[in-house]
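Here are a few exercises to work through with the model open beside you. Try each task before you read its solution.

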Amino acid sequence: AAPRTMPLTRTMPLTDQSGDPVPPPALASLLPPHWKEEVGRWFAQDIPKWDVGGFVVGDEPHHAMLLGKAAGVLAGVPFADQVFREAGCTATWLVPEGHFITADEAAAKAPVARVEGPTRALLVAERTALNILSRCSGVATAAHTAMELARQHGWQGRVAGTRKTTPGFGLVEKYGLLVGGADTHRMDLSHMVMLKDNHIWSSGSIASSVAKARSVAGFSTKIEVECTSEADAREAAGAGADVLMLDNYTPAALKEVAGRLKEEWPHVTIEASGGITSATMPDFFSPHVDIISQGALTNGYATLDFSLKVPKPAAFERERAVKS
């Protein structure tokens, strides 16, 4: 099947009052202490025993260029950096994380980084680093596309991901959402209470579920309730829920219900969810909707193509010219 493509636009960089570009935030400082151990495990999985290819090329000092071959947002730099460090290599990034690789740059296979180290080490690190970059950049690009679409339509809410992430890789996917400008939504089960239909059916009612959750969650944790009807949403808001997820509504019904709820509970956050994609999202834009969540941002996303290439020796170029 042909690869999925997404319409892309290039975001202008943020500027300060003087008009100078504001550098993107250093998101790596958000990462938990164990993230480097995670990367080390991924690296180790790719070379459990012999490395015959590495034996062939040896350990002479060398360098390779990391090439961006698809349009989109570069993301995952800290993780790729750590892979190269695990292998004993050093990466020098030629563009910052969050850089939008244009179609022209992709066609020219413009380098985004230069990596130096022993030849064997470069090739050992190659695939793990590229796998991480391609996936994280894919998420960031999808997030960027969704947020650009929202702004083009004048909607001032936030596009968010969901917990539909790849087991063992969710941290990288959530990181990609941030680089692309979207909201991560909750990071895990402890990040925010979300009471879905299974919780409600198992406990007996929305009101009792919210009350029981609040008794242990305290003041510092928000409670969200999945609502499939206006009656559900009113019960949840009346019980003290902080966020109402209007799930699987038609666009017209969503806007009507959200408007009535906001009129009565203006402090409550309204989230629209349920099979919404960037293609259908404009139909759900409303001043009464604060969040639109898309599972597709981290579940079934398209990846970006990168490659790592050592310089081709002149002898190979001459041989190619002779053959042609």
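A nonpolar core here is a set of buried Ala, Val, Leu, Ile, Met, Phe, Trp, Tyr and Cys residues joined through side-chain atoms within 4.5 Å. Buried means under 20% relative accessible area, exposed means over 50%, and partly exposed is in between (1.4 Å probe, protein chains only). The model is predicted, so local features need pLDDT of at least 70 and side-chain atom pairs count only at pLDDT 80 or more, while totals for chains, interfaces and linings use all residues. Residues are numbered from 1 along each chain as its sequence is written, and side-chain values use heavy atoms, with hydrogens and water left out.

**Exercise 1. Find the largest nonpolar core and the helix that gives the most to it.**

Step 1: The largest nonpolar core holds 89 residues, and L66, F84, W93, L244 and L246 have the most contacts inside it.
Step 2: Helix α5, residues 119-152, gives the most to this core, with 17 residues. Helices (H or I, at least four residues) and strands (E, at least two) are DSSP runs, numbered from the N terminus.
Step 3: Now zoom in on L244. Not counting residues up to four places away in sequence, L244 touches V225, C227, A233, A236, A237, L261, V268, T269, I270 and E271; contact means heavy atoms within 4.5 Å.
Background: in soluble globular proteins, nonpolar side chains tend to be buried together.

**Exercise 2. Work out which residues of α6 are buried, and what covers them.**

Step 1: Helix α6 spans residues 170-180, and nine of its 11 residues are buried, so the rest of the structure largely encloses it.
Step 2: The buried ones are G170, V172, E173, K174, Y175, G176, L177, V179 and G180.
Step 3: Their cover includes α1 (35-45), β2 (72-73), α3 (77-86) and α5.
Step 4: Look just past the helix: α6 is followed by G181, which has a positive phi, near 100 degrees.

**Exercise 3. Trace the aromatic cluster that includes W35.**

Step 1: A search of the whole structure turns up four aromatic pairs. Rings of Phe, Tyr and Trp (its six-membered ring) pair if their centres lie within 6.5 Å; planes under 30 degrees apart count as stacked, over 60 as edge-to-face and the rest as tilted.
Step 2: One of the pairs is W35 with F79, edge-to-face at 5.4 Å centre to centre and 80 degrees between the planes. This pair links distant parts of the chain, with W35 in helix α1 and F79 in helix α3, 44 residues apart.
Step 3: F79 also pairs edge-to-face with Y175, at 5.3 Å centre to centre and 90 degrees between the planes. Here the link runs from helix α3 to helix α6, across 96 residues.
Step 4: Put together, W35, F79 and Y175 form one aromatic cluster.
Step 5: Check burial. W35 is buried at 10% relative accessible area, F79 is buried at 1%, and Y175 is buried at 4%.
Step 6: Helix α3 itself is mostly covered, with eight of its 10 residues buried.

**Exercise 4. Describe the surroundings of R120.**

Step 1: R120 lies in helix α5. At 32% relative accessibility, R120 counts as partly exposed.
Step 2: Leaving aside neighbours within four places in sequence, R120 is in contact with I47, D51, G54, V57, G58 and D59.
Step 3: The side chains of R120 and D51 make a polar contact at 3.2 Å. A polar contact is a pair of N or O atoms within 3.5 Å; within protein, one must be able to donate a hydrogen and the other to accept it, and residues adjacent in sequence count only if both atoms are side-chain atoms.
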